[in-house]
Amino acid sequence: MKPESTRQPIWIPIALAVAVVTGIFFGSQFSSNNKVAENDRKLNAILNLIAQDYVDTTNLKDLIEMSIPEILGNLDPHTSYFSAEELKAATDDLNGSFSGIGISFVMTDDTIGVVEVIPGGPSEKVGLMAGDRIVMIDDSIATGEKMTSGAVMKRLRGPKGSKVKLGIKRQNSKKLLNFTVTRGDIPVNSVDAFYMIDNITGYVKVNQFGRHTYDEFITAMASLQEEGAERYIIDLRGNGGGFMEMAVLMVNEFLPADQPIVYTRGRYEHDNSEVWSDGNGSFQNAEVAVLIDEFSASASEIMAGALQDNDRGLIVGCRSFGKGLVQKEFVLPDSSAIRLTTARYYTPSGRCIQKDYKHGDMLDYEKELVDRYINGELYSRDSMKIDKDQVFTTMYGRTVYGGGGIVPDIFVARDTSGITSYYIEVANAGLLQRYAFNYCDRHRNSLNKLDGYEQFLATAPSDEEMLTDFANFAQRNGITPRWYYINLSGDAIVTNLKALIARDIYGNKAFYPIINRKDKTVLAALNALNQHKAAFPIEE
């Protein structure tokens, strides 16, 4: 750790708020100097010429909106522009709430199927139920091929207190049911699920680092501790980041006092900062394994990197995304915003894990994840891209590398067992989700009487019966049964179906305990914890 910048104890409000797509610090003004003023006059002159002399009538506002992303696109891959509407949607999700009607839904047969009605939410208050199909929104038809999930969300969300009329088709009613729902604040949870994998191991799935993630995380951890957890698996796979402050607070729970967590270096001194642990964490003696994949980015990488560099946690999975740039958010006069890269963050060993990029070249940057698949990196540790010129050491002298994501301590290859052409075909057609939803429709009354997912598993049809029923369902939906491949994929299909059915009835808290039973990364982490590999430095 370098000494030039001000050291910040954990309890100081962290002005580092960074993330993959975010990291939020609101700038109130832009610096102005002669160069900016000169270029500003030039841009204004061009716009005035277009407005006054261009052959066709032009909407200058639209022209400016199109031009801003083009200008920013010549910088780094994470400097970005958000319209006022886009900014509100992104901020609502990270702040942990938005105004809506309080349902989860899936698109089945071009129809909106209600999977879950959030307890105490606006929809439950007027009588919507899981299994309902929304066929009308504000007197407009809400079915058909053009209805996408994004379009549905846009129509269902709206200002708090506003109303939306819904036409509902319910299985036990021949008539169309009409409901008027008053939109309200809907919580967005960062912790999808937590449960005990065995008698001493707790599992926590974190999907983002939002405004309330630490509170949700610490509540989950405390609950698991009360159930007997002595060690933990924290699943950050697919977690693209969020507020860096939340990652810092979560790391602090596992570290003794005065351990480095993260630091930043920018063009100016005020962008430099360091954060150290305060020694008040509640889980300093617990073994911990963190799961990552190629979609774990930014704040996820800060957490994984801090635990790895301090030799405090075992990192399991495959190489993370590689996002090590800090953005500050500058709100513009029309409530749009620019998230401008102002610094780089570094893990405790001194690593900047930002992967390579060229200014203005987004194509290669976005293609990098595809290249990992093509090059076999997700299937073989030997194919993993590692920059051997960026060598660093952890607290106890283990070698780690910078310049391209967090390289896991234990690599787990992508599980391809059961992934046949048949499985890919039915998955791409959305038939797994549709079958689960339809199954719940047929058995909802009996399923609701069961005492949780474990009783569902005990009373569910046999694997062979469910697989046959699914193959027949897929055939009715245009996919020819190919039993050689169906049998090869049988275990994967049935496991997914049972997990999806359980989620439709009992929520995410039931999905992960089922799907994780066959998850190779979870099992590898559990095996490593059983061997106490997370209790001391390892070399694999």
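1. Let me start with the cysteines: the structure holds zero disulfides. Keep in mind as you read that this is a predicted model. For Cys-318, the closest cysteine sulfur belongs to Cys-352 and lies 20 Å away, too far for a bond. A disulfide here would need the two sulfur atoms within 2.5 Å. Cys-318 is buried, at a relative accessible area of 6%. Cys-440 is buried as well, with a value of 0%.

2. Now to the aromatic side chains, where a search of the whole structure turns up 14 aromatic pairs. One of them joins Tyr-435 and Phe-473 edge-to-face, with 5.5 Å from centre to centre and 75 degrees between the planes. This pair links distant parts of the chain, since Tyr-435 belongs to helix H11 (residues 431-448) and Phe-473 to helix H13 (residues 463-476), 38 residues apart. Tyr-435 counts as buried at 2% relative accessibility, and Phe-473 counts as buried at 7%.

3. A pair worth a look in your viewer is Phe-511 with Tyr-512: the ring centres are 5.2 Å apart and the planes stand at 85 degrees, so the pair is edge-to-face. Phe-511 is buried, with a relative accessible area of 12%, and Tyr-512 is buried at 13%. Together with Tyr-195 and Tyr-203, Phe-511 and Tyr-512 form one aromatic cluster. Phe-511 has a charged companion too: the charged end of Arg-503 sits over the Phe-511 ring, 4.9 Å from its centre.

4. On to the salt bridges, of which a search of the whole structure finds 27. Asp-139 and Lys-165 form one of these, with their closest N and O atoms 2.9 Å apart. Asp-139 sits in the loop between strand E7 (133-137) and strand E8 (140-141), while Lys-165 is in strand E9 (residues 163-169), so the pair links distant parts of the chain, 26 residues apart. Asp-139 counts as exposed at 57% relative accessibility, whereas Lys-165 is partly exposed at 39%.

5. Which residue forms a salt bridge with Arg-237? The partner is Asp-519, and the closest N and O atoms are 3.0 Å apart. Arg-237 lies in the loop between strand E14 (231-235) and helix H7 (244-252), and Asp-519 in the loop between helix H16 (508-515) and helix H17 (520-530), so the pair ties together parts that are 282 residues apart in sequence. Arg-237 counts as buried at 16% relative accessibility; Asp-519 is buried, at 17%.

6. Helix H11 offers a local example: Asp-441 and Arg-444 are three residues apart there, and therefore separated by about one helical turn. Their side chains meet in a salt bridge with an N to O distance of 3.6 Å. Asp-441 is buried, with a relative accessible area of 9%, and Arg-444 counts as buried at 11%.

7. Salt bridges that share partners also join Arg-319, Lys-355, Glu-368, Arg-372 and Glu-377 into one network. Lys-355 has an aromatic contact besides: the charged end of Lys-355 sits over the ring of Phe-321, 3.7 Å from the ring centre.

8. Finally, do look at the surface, where Phe-295, Val-370, Tyr-373, Ile-374 and Tyr-379 make a nonpolar patch of about 480 Å². Val-370 lies in helix H9 (residues 362-375). This residue, Val-370, is partly exposed, with a relative accessible area of 43%. That value lets Val-370 join the patch, because patch residues need over 30% relative accessible area.

Key:
Residues numbered from 1 in each chain as written. Predicted model: local features only at pLDDT ≥ 70, side-chain atom pairs only at ≥ 80, totals over all residues. Heavy atoms only, no water. Patch = residues over 30% accessible without salt bridge, like charges linked within 9 Å, V, L, I, M, F, W, Y side chains within 5 Å. Areas by Shrake-Rupley, 256 points an atom, 1.4 Å probe, with all protein chains shown as cover. Salt bridge = Lys/Arg side-chain N within 4 Å of Asp/Glu carboxyl O. Helix = DSSP H or I, 4+ residues; strand = E, 2+ residues; numbered from the N terminus. Buried < 20%, exposed > 50% of the residue type's maximum accessible area, 1.4 Å probe, protein only. Phe/Tyr/Trp six-rings, centres within 6.5 Å; stacked < 30°, edge-to-face > 60°. Lys NZ or Arg CZ within 6 Å of the ring centre and 35° of its normal.
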